[in-house]
Every structure is written in structure tokens, then in C-alpha cells.
Amino acid sequence: MPRVLISSTSFDTACREARNLLLAKGYDLRGNPSGKPLEGEALVCALEECVGAIAGLDRFTADVIERCPELRVISRYGVGLDSVDLDAATRAGIVVTYTPGANTQAVADLTIALILACARRIVEADQFTKAGKWAKIYGRSVWQRTIGIVGTGAIGRAVAKRLAGFEARLLFSDIAPDLELARATGGSYVDLRTLLSESDFVTVHVPLGPKTRGLISAKELAMMKPSAYLINTARGGVVDEGALCDALRNRRIAGAALDVFSHEPPAGSEILACENVITTPHMGSYTYETLSAMGLMAAHNLIDVLEGRRPEHVANQEVFAGDNRRSPGGA
């Protein structure tokens with residue numbers, strides 16, 4: 001019976017249909033009792049005799065990949081690929097798949113929620129009220145403000161469409177401008193400096209890679225208005241966390257809202273001690289509807305590979321060149 005690791009802890013909670021599909025196919029499912037992403041020796045041990053993995057944010061380094069000779073497919077339960085060494089996977093003949101689009105609307109919803117939470121100081125107001133305080137808590141308007149969106153891929157576009165309903169002035173920054181989006185929302189593409197210096201809220205929606213790691217650093221934070229807020233629901237590494245902490249403590253910007261961190265969970269991170277930051281536990285995708293759809297997509301991707309088909313969403317297409325894929329038994 002082929003063995004499959006399900007390392008994502010939310011898969012069992014919200015993806016019953018996907019799990020039942022895998023069981024119906026005859027796979028022996030191995031879970032992740034640690035409750036957190038796996039890496040190093042722990043991941044190697046969990047992958048022992050596994051032909052596939054439904055992977056969360058686990059770190060599939062070259063070393064891990066080389067030590068798992070049976071592994072044929074890494075099916076990412078999500079869209080981010082920064083935790084998988086794609087070159088090493090391709091060399092080993094392992095197909096890496098992902099689930100683009102499945103979490104777009106959920107992350108966009110959370111982004112709007114975080115913008116509003118910052119603007120109206122909702123978390124602080126809740127804490128005051130529960131403590132028996134009836135304080136006058138003044139906030140900022142989102143209506144007709146200037147909002148900068150860094151990255152206009154699927155999630156950035158979804159955020160822009162929602163913000164258009166606030167009659168916001170939208171500024172976009174992306175290496176590949178979407179002119180149809182600009183026309184539909186009335187937004188404008190500008191350089192990053194202009195976006196940062198003119199926006200009341202800046203929300204980040206770029207993937208993490210060599211060109212985007214530390215994209216928002218001390219230099220960029222210094223360009224923002226002292227009254228501005230930064231929202232990050234993309235990847236923690238896109239923002240220099242130390243520089244952001246310094247900017248928050250010294251009130252160089254008004255505040256921030258973070259769903260992602262450079263290290264997760266961020267236990268002990270100095271960012272958690274900042275009073276003017278709202279933090280959530282990387283929950284952008286966490287609606288039951290989204291997780292169910294994402295789980296089914298990840299399951300179908302894995303099944304396609306193991307049954308000899310080419311999935312629709314392959315991250316390392318090069319693995320199919322010259323039929324470089326691993327065959328059963330790790331050969």
C-alpha cells in the first residue's frame with residue numbers, strides 16, 4: 001500500500017473529502033503529530049517509505065530530498081514554493097505541484113479585515129471594552145484614502161477590486177503591470193517609491209524569492225508617511241522584520257498588521273512586543289471553504305503524479321523533460 005505523508009495539520013481538520021479520496025485510492029496516510037511544519041531530520045523520518053507528500057510549510061531542502069529515495073511527488077497544500085528547493089527536486093525527478101487560486105479570495109478578505117482593524121483600532125477597542133473601559137478610540141478612514149498594493153497577482157487583484165468599493169485611490173507596483181486591472185479599478189501603476197510615499201495603507205502581495213526578500217526594508221519604511229500602515233499577508237521574508245520593529249517602536253509609521261513572519265511561529269520575536277502591530281497566525285487561507293477546495297486540488301495533484309498523469313499545476317515543469325521523473329521504487 002503506497003504511503004503518503006500529510007504534513008499539513010489543517011488538512012485533517014478541514015479537508016475530509018480530500019482525505020477520503022486518498023483513502024479510497026488505497027493510500028496509507030501518515031500524519032504529522034508535531035502540530036507544526038517539519039524540517040531536517042524530523043521531515044526525513046516522517047517521509048520514510050513515502051511516495052508522496054501533501055506538504056504545508058515544511059522545508060524540503062536539497063538534503064531532505066536526497067535522503068528520501070522513494071519520494072515521487074511533493075504536493076504543496078498552498079501556493080508558496082519558497083520552502084521547497086525546486087532545483088533539487090527536479091534533479092531528483094520529483095514532481096512539485098501547488099494549488100494556485102484556491103486561497104485567493106480568503107487572503108484578500110483577511111487583508112481587508114486587517115486594513116480595517118488598523119484603521120479603526122478594532123483590536124485595541126475590543127480589549128478596552130472587555131476590561132470595562134468606555135474609551136473614545138479615534139481611528140482613520142479607509143473611505144477614499146490612498147492605498148498602495150505591492151504585487152498585483154491574483155491576490156493583489158482581488159484586494160484591489162474590494163478596495164474599489166471604498167472609492168479608494170489605488171496605487172499599484174508590479175514588474176508586470178495589469179492594465180485591465182488599472183482600467184477596471186481606476187488605479188495607477190507607479191514606482192515603489194511613489195507608492196510608499198503617497199499611500200495611507202500599503203499592502204504587500206508578492207511571492208518570496210531572491211528579488212523580493214527584504215523588499216520592504218528600513219529604506220522603504222522611511223519613505224512611508226508617519227500616519228501610514230503596512231499590511232503583510234504574503235510572506236514574512238518580504239519585509240525586514242527588524243527594520244519594521246524599529247519603525248514601529250519609533251513611530252516612523254503608525255502601525256502594521258502581519259499574518260506572516262520571518263520565522264513561524266514567531267515565539268520570542270521582538271515584533272510581538274510592539275504595541276502598534278496586529279498579528280495573526282498565518283491564517284490567510286483558513287476558511288473552511290478555501291481549505292476544502294485547496295485540499296481537493298492538492299489531493300488530485302498528488303494522485304495524478306502517482307497514477308502517471310501530468311497535473312495542471314506543476315511548479316517544476318523541467319522534471320518532465322526527457323521523462324526525468326522517479327519511477328516507483330525510487331529508481
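Two strands count as paired if DSSP finds at least two bridges between them. Helices (H or I, at least four residues) and strands (E, at least two) are DSSP runs, numbered from the N terminus.

The model is predicted: local features need pLDDT of at least 70, side-chain atom pairs count only at pLDDT 80 or more, and totals for chains, interfaces and linings use all residues. Residues are numbered from 1 along each chain as its sequence is written, and side-chain values use heavy atoms, with hydrogens and water left out.

**Exercise 1. Give the strand order of the seven-stranded open sheet and name its edge strands.**

Step 1. The order is β8-β7-β6-β9-β10-β11-β12, with parallel pairing.
Step 2. β8 (188-189) and β12 (277-279) each pair on one side only, which makes them the edge strands.
Step 3. At the β12 edge, three bridges in the parallel sense link β12 to β11 (residues 255-258). A256 has V277 of β12 as its bridge partner.
Step 4. Further along, β9 and β10 run parallel and are joined by four bridges, with V202 opposite L230 of β10.

**Exercise 2. Find which strands helices α8 and α12 lie against, and at what angles.**

Step 1. Contact means heavy atoms within 4.5 Å. Axes are lines fitted to C-alpha atoms, for helices over the stretch in contact, and angles run from 0 to 180 degrees between N-to-C directions.
Step 2. α8 (residues 154-164) lies across β6 (146-150), β7 (169-173) and β9 (201-204), at about 170 degrees to β6.
Step 3. α12 (residues 241-249) packs on the sheet and touches β10 (229-232), β11 and β12. The directions of α12 and β11 make about 140 degrees.

**Exercise 3. Sort the residues of β10 by the way they point, and state whether they are buried or exposed.**

Step 1. Buried means under 20% relative accessible area, exposed over 50%, and partly exposed in between (1.4 Å probe, protein chains only).
Step 2. In a regular strand the side chains alternate between the two faces of the sheet.
Step 3. Y229 and I231 point one way from β10, L230 and N232 the other way, and all are buried.

**Exercise 4. Describe the surroundings of strand β3 and of S75.**

Step 1. Six of the six residues of β3 (residues 50-55) are buried, so this strand is largely enclosed by the rest of the structure.
Step 2. β3 pairs in the parallel sense with β1 (residues 3-6) over four bridges, and L5 has A53 as its bridge partner.
Step 3. Four bridges also join β3 to β4 (residues 73-76), again running parallel; here A53 stands opposite I74.
Step 4. S75 belongs to β4 and counts as buried because its relative accessibility is 0%.
Step 5. Leaving aside neighbours within four places in sequence, S75 contacts A53, I54, A55, T97, A298, N301 and L302.

**Exercise 5. Characterise the largest cavity and the second largest pocket.**

Step 1. On a 1 Å grid over the protein atoms alone, a cavity is a set of points where a 1.4 Å probe fits but cannot get out; a pocket is an open set with protein on both sides within 12 Å along at least five of seven lines; lining residues have an atom within 4 Å of a point. Grid points are joined across faces, edges and corners, and a volume is the space filled by probe spheres set on the points.
Step 2. One cavity reaches 30 Å³ or more; the largest has a volume of about 40 Å³.
Step 3. N232, G236, V239, E241, L244, L258, V260 and F261 line the largest cavity.
Step 4. The second largest pocket holds about 480 Å³. Of its 17 lining residues, R59, D82, S262, H263 and E264 are the closest to its centre.
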